[in-house]
Amino acid sequence: MVGAGHSETTSLRPSVRSNQLTLLDGIGAIVLTGVLLRSHGVWGLLVGIGVLGAATASSGPAAFLLAQLGIVSLVSVAESWTLAATQLAAGLLLASAAYGPTPTRAQLGRFTAAYVAALGLVWGLQANLRWLWQSALLVVALAAGVAYVLHRYERVNLGLVTTPDGSTEVDR
Amino acid sequence: MLPTRRWAVLAGTACFFAAFAAILGEATPLYAAGGLSAWLLLGQADAIRTMRQVERALSTDVSVATPNAFVGDRTAVTVDASLSSPVDAPVDVELVAPPSVSEPHRDQHVLRIDPGETSATTTCSVTLPVAGRIRFDTLRLTIGDRTGYFTESIELDADARVLVDSPSAADLHVGQGGRAVGTMFGEHPTDQTGPGLVPHETRQYVMGDTLSRIDWKTTARMNQPYIREYESESDYQLSLVFDAGSQMRAGPTGRTKHAYAREIALGFVHAAESYGDPIRAHFLDDDGTHWRYGPSTTSDAYQTIRNRLLDSRPAAGGTGTVDISNPVSPSEARQTGQSLDGDSPFATTLRPFLDETATYISRVSDRPLFNAVKTACGTDSRAHLVLITDDTSKVETYEAIVLASQESEQTSVFLTPSALFDRTQTAGTDGFVEFEAFRRRLNRLRNVTAYEVAPRPAVERARTDAATAGGDR
């Protein structure tokens, strides 16, 4: 028995040492688990445990995606406070995926502003437009439009856009 | 800015959530789509910031190891890249090889500055197969971002050049003891009189002269029969023995022993054509004579031999059984044997080897060069034998020239000194001095003139080194 226990300890240790869990992941997973446990009982707990596992195993956005799937499965738009709390908890998971274990204050500030603005935009659209598909279409179109504007800005800024006379937009 | 596959997966997921919301009529998935989109846009903005930072902070340098090279050479191209401040994204700098060089392996011509690092360098080896001015003037900069969702490629200017010359033995030196000689291809008067075209002298008629040779004007003037002698010109048969064995490959690309030897051979063919001399050619490689032609005086013959020379390549095989020892003739060996002390065990053991000549002769007579010279001499004893080879196999060469000196009226030997074609220059001055001793030894043989054939700069360097070494001593 002692031997088996020792073997188990040694095999777990590398996994624990190499885990990808950050402080933001931990806070996000705990908040998400707490909110979902309170509102949806054991199903909420299971989602929270799954998210915690994904955050431990991966440094990418897997935990965020799993959390969103859990939220979509359990939370309806009518539960506005639960939805807001779980989305903010998921935002912490995303911030961890974006900036790693030690984000700077500026990075966190930029991320929070962008994330909250996006959620606010979605809330505003779905609250004001008659059909939800209109909101969905607008969200996708807006994101694509901003991405294209950023792309063009980058091309011009790096001097990669040439005019017919051979000069770059930066030169002009 | 190009999105990566990871970005596409996340963008697709955001679209999926948006579509899911529209299909279900439930807004919750739309918040997931909104959050994910916010993150992707923020990542894009961060990537732009990183790319601008890299573009401003990066400095690159491309340098070529040898600014002058010959076709077929390899040269090293070094790419250095450094950032004035580290960035949190990987930066790849790729040397864009011009179309006229063979592209090196990707690992060799792409360097990566990892996140947090400020500099990197890489060196790649490129082959230069085409003559001309080759410019390494473009670097392709590939900047990633911290999250791995975007990349951007920017072309940067560089300024590294290499001048690639076509391979030719343009700086040919033909000489003796490092001193160039003028020409070997002059008229060849025989210093004999007889029938011919160029008047030489008049003399009194003697019994036996044919009546047709009487110069009647002189006879009338002198009141005695006179004969006018003409300078006799002869047609030498040029017997060319050209060694294209594998040892002739030595030297840099395009400036091998073979290339210089070929220039000499072409010169003789041209001279023979100019004077209408019959020509005969023997081309040999490691296995023996592989091509024989002539004798002939037709214009086709000269052209055929010329074409054959131009197409000639040194044999590809190794030097195999070539004997690189110094020549010791049987007579010298016998003298050495006689000088051994009395009946000491050393002398008793060694003497039979020094007295034995059969092995020596059979060893040399089996060699391609010796056989070729023997064949060339056997056809016409009045032929001018021209042997073009190197000094790798001294025993064989020496014995072949001894034979030629006995069998041929005139023998010219052109040797490419191995010491002057050694890329590593390990042979140095001693190698050239040793060669010169060998050449002089050949030159002392009857009817034999031996020359060295080499790149002029190498000969001048060897002479300078030899003079310096002599001064030091």
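Of the 473 residues of chain B, 48% count as buried, and the exercises below work through this predicted model from its helix packing to its salt bridges and single residues.

**Exercise 1. Describe the make-up of chain B.**

Task: State how many helices and strands chain B has, and what share of its contacts between residues at least 6 apart in sequence join residues at least 24 apart.

Solution. Step one is to take the elements, and here chain B has 13 helices and 20 strands. Step two turns to the contacts between residues at least 6 apart in sequence, of which 72% in chain B join residues at least 24 apart.

**Exercise 2. Work out how α1(B) and α2(B) are arranged.**

Task: Determine whether α1(B) is roughly parallel or roughly antiparallel to α2(B), and say which classes of residue make up their contact.

Solution. Begin with the axes: those of helix α1 of chain B, residues 5–24, and of α2(B) come within 7 Å and cross at roughly 155 degrees. Since angles over 145 degrees count as roughly antiparallel, α1(B) is roughly antiparallel to α2(B). The crossing in which α1(B) passes α2(B) is left-handed. Next come the residues that make the contact, including B:Trp7, B:Leu10, B:Phe17 and B:Phe20 on the side of α1(B), and B:Leu30, B:Leu36, B:Trp39 and B:Leu40 on the side of α2(B). Sorted by class, the contact of α1(B) with α2(B) has 15 nonpolar, two polar and no charged residues.

**Exercise 3. Do the same for a helix pair in chain A.**

Task: Find the angle at which α2(A) and α3(A) pack, and decide whether their crossing is left-handed or right-handed.

Solution. Helix α2 of chain A covers residues 23–40 and helix α3 of chain A covers residues 42–57, and the two pack at an angle of about 165 degrees with their axes 6 Å apart. By the cut-off of 145 degrees, this makes α2(A) roughly antiparallel to α3(A). As for handedness, α2(A) passes α3(A) in a right-handed crossing. Among the residues in contact are A:Asp25, A:Leu32, A:Leu36 and A:His40 of α2(A), together with A:Val42, A:Trp43, A:Val51 and A:Leu52 of α3(A). The contact of α2(A) with α3(A) has, by class, 11 nonpolar, four polar and one charged residues.

**Exercise 4. Trace the salt bridges of B:Asp46.**

Task: Identify the residues whose side chains meet that of B:Asp46 in a salt bridge with an N to O distance of 3.4 Å, and say where each partner lies.

Solution. One partner is A:Arg110, whose side chain meets that of B:Asp46 in a salt bridge of 3.4 Å, N to O. This pair crosses between chains, with A:Arg110 in helix α6 of chain A (residues 105–128) and B:Asp46 in helix α2 of chain B (residues 28–57). Another partner is B:Arg146, and its salt bridge with B:Asp46 is also given as 3.4 Å, N to O. Because B:Asp46 lies in helix α2 of chain B and B:Arg146 in the loop between β8 and β9 of chain B, the pair ties together parts that are 100 residues apart in sequence. Turning to accessibility, B:Asp46 is buried at 10% relative accessibility, whereas A:Arg110 is partly exposed at 30%, and B:Arg146 is partly exposed with a relative accessible area of 30%. In the last step the picture widens to a network of salt bridges that links A:Arg110, B:Asp46, B:Arg49, B:Asp88 and B:Arg146.

**Exercise 5. Place B:Arg439 and B:Thr256.**

Task: Decide whether B:Arg439 is buried or exposed, do so likewise for B:Thr256, and list the residues with which each is in contact beyond its neighbours within four places in sequence.

Solution. B:Arg439 lies in helix α12 of chain B, residues 428–443, and with a relative accessible area of 4% B:Arg439 is buried. Leaving aside neighbours within four places in sequence, B:Arg439 is in contact with B:Gln176, B:Gly177, B:Ala450, B:Tyr451 and B:Glu452. B:Thr256 has its place in the loop between β15 and α5 of chain B, and at 14% relative accessibility B:Thr256 counts as buried. With the same neighbours left out, B:Thr256 is in contact with B:Met248, B:Arg249, B:Ala250, B:Gly251 and B:Phe421. Finally, the C-alpha atoms of B:Thr256 and B:Pro455 are separated by 9.5 Å, while the two residues are 199 residues apart along the chain.

Conventions:
Residues numbered from 1 in each chain as written. Chains lettered and ligands numbered in written order. Predicted model: local features only at pLDDT ≥ 70, side-chain atom pairs only at ≥ 80, totals over all residues. Heavy atoms only, no water. Salt bridge = Lys/Arg side-chain N within 4 Å of Asp/Glu carboxyl O. Helix = DSSP H or I, 4+ residues; strand = E, 2+ residues; numbered from the N terminus. Buried < 20%, exposed > 50% of the residue type's maximum accessible area, 1.4 Å probe, protein only. Axes fitted to C-alpha atoms, helices over the stretch in contact; angles between N-to-C directions. Parallel < 35°, antiparallel > 145°, perpendicular 65-115°, else oblique. Left-handed = near helix turned anticlockwise from the far one by under 90°. Contact = heavy atoms within 4.5 Å. Nonpolar A, V, L, I, M, F, W, Y, C, P; charged D, E, K, R; others polar.
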